[in-house]
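Thanks for asking me to look through this one with you. Here are my notes as numbered points, so keep the picture open while you read.

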Amino acid sequence: MRISRRAVAAAAVVAAVLPLSACGGGTGDSSGGSGKVEGKVQGRITFQTWNLQANFKPYFTGLIADFEKKYPGAEVKWVDRPAEGYADKISADAAGGTLPDVVNVSPDLVAPLAKAGIALDLDKAASKYRKEYLPGAWQSHRIPGMEGTYAFPWYLNTGPLFYNKTLFKEAGLDPEKPPTTYDELFDSGLKLAGQSKGKVATLANVPTIEDFGRYGGQLMNKDGTGFAFNDAKGIELLTRYKELCDAKALDPQALTATPESSGHKFLTGSVAMNPGSALDLENFKKQAPSLYKNIGITDQISSTGKANMYVMGVMVNAQTKQKPAAVAFAHYVTDATRQMEFAKQVAIFPSTAGSLDDPYFTEEDGTDVTRVRVAAAKSLKTAVNYTPVLFSDQMKTELRNQVAKALQGKQSPKETLDNAVKACDRLLQQS
């Protein structure tokens with residue numbers, strides 16, 4: 001699996017240096033201030049992860065054993081759910097009152113739980129831990145229109161943009177100077193398509209909500225009650241994509257492409273640029289040695305100067321009967337020590353402050369793998385999660401369907417985005 005909305009989990013499936021600051025003596029004072037959780041860390045809790053057991057069972061069993069050793073009165077039962085139907089399972093468990101005490105979530109899954117009063121507000125219950133995490137990561141589980149933060153940030157991911165130097169050179173583009181702005185990206189795309197007579201596209205994906213964010217558009221109104229990506233910036237971006245499509249600089253199958261199919265297009269040389277992660281480099285080396293020798297690695301294109309951050313979190317069930325133990329364990333899973341251990345097992349990144357300054361994330365050894373890792377870690381220090389927390393999978397589908405109509409010439413970019421915003425606003429009200 002590749003980097004995508006839930007990419008951070010995907011990266012973990014394919015393949016989280018500060019000490020734990022819970023109080024000593026077996027107590028678990030989770031925070032000072034109103035709503036703080038206090039009491040002895042004891043009792044039996046259930047911890048649910050998202051499709052991680054197959055590849056990381058030794059890591060999690062060891063983590064749980066260490067936690068139980070630290071808190072002899074606590075016991076953790078670990079359950080792991082498959083990726084397929086995970087959101088539906090959480091929804092059903094929440095409705096039935098059977099949601100586990102500590103749950104692996106993405107920001108979009110937290111939103112309805114927070115609104116229903118099921119996700120614990122950590123700004124009240126565990127605010128003293130906030131300083132241990134990157135500000136952008138901590139904020140990623142805040143819900144527009146609500147006060148509070150509803151999950152501990154766990155592991156992060158982002159990725160570079162890969163490009164085929166050979167195709168750039170053949171099109172008369174400088175292979176050592178890839179595009180750094182959207183204007184350069186679109187201009188390069190048109191030139192690549194023209195020189196190859198439409199045989200080589202530059203991109204294989206249609207714009208998503210993240211692209212509108214990186215382009216500098218407004219995604220939601222200020223109070224979080226409606227979407228706003230049909231602004232001038234949004235229309236401009238979609239108009240440029242229509243130009244790419246008409247010139248065959250956007251792959252003809254982009255409307256139905258999956259991350260896997262887009263990656264295959266890049267491997268076979270029919271697409272010149274593709275987003276990815278350090279995980280992809282080994283795949284290039286094995287499946288396309290000639291591409292690997294001529295691979296270019298550059299930063300994500302962004303008008304804001306900030307890369308996109310994909311984030312996973314660990315939520316505490318507000319209805320748990322063992323709040324001190326649940327908060328202490330959620331923090332333990334996501335503290336700097338555990339996140340660094342996890343990050344060295346798979347190509348993910350810790351969300352804890354200072355961890356990205358570790359030599360593992362700052363020093364290159366001459367390999368492309370470390371080059372990608374170092375570059376990604378640097379960008380994550382200021383990265384943001386452009387996908388609104390309230391943007392559901394249904395909304396993604398609505399946006400994609402409307403974008404397809406614009407690229408097919410069935411409606412204008414403005415009409416497309418106006419319709420997409422109306423549909424997403426309607427779904428927002430229904431939720």
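1. In what order do the strands of the open three-stranded sheet lie? Before we answer, please remember that the model is predicted. The order is E6-E5-E7, and the pairing is antiparallel.

2. Now look at the borders of that sheet. Strand E6 (273-275) and strand E7 (295-298) are its edge strands, and each of them pairs on one side only. Neighbouring strands here are turned against each other by 25 degrees on average, with direction ignored.

3. Next, zoom in on one pair of neighbours. Strand E5 (residues 161-164) and E7 run antiparallel and are joined by four bridges. If you want a spot to click on, try phenylalanine 162, which stands opposite isoleucine 297 in E7.

4. A helix joins the picture too. Helix H11 (residues 259-267) packs on this sheet and touches E5, E6 and E7. The direction of H11 makes about 145 degrees with that of E6.

5. There is another sheet to find. This open sheet has six strands in the order E2-E1-E3-E8-E4-E9, and its pairing is mixed. At the edges you will meet strand E2 (74-81) and strand E9 (349-350), each pairing on one side only.

6. Finally, a pair inside the six-stranded sheet. Which way do strand E3 (residues 102-105) and strand E8 (residues 310-316) run, parallel or antiparallel? They run antiparallel, with four bridges joining them. Here valine 105 is the residue to pick out: glycine 313 in E8 stands opposite.

Key: Residues are numbered from 1 along each chain as its sequence is written. This is a predicted model: local features need pLDDT of at least 70, side-chain atom pairs count only at pLDDT 80 or more; totals for chains, interfaces and linings use all residues. Side-chain values use heavy atoms; hydrogens and water are left out. Two strands pair if DSSP finds at least two bridges between them. Helices (H or I, at least four residues) and strands (E, at least two) are DSSP runs, numbered from the N terminus. Axes are lines fitted to C-alpha atoms, for helices over the stretch in contact, and angles run from 0 to 180 degrees between N-to-C directions. Contact means heavy atoms within 4.5 Å.
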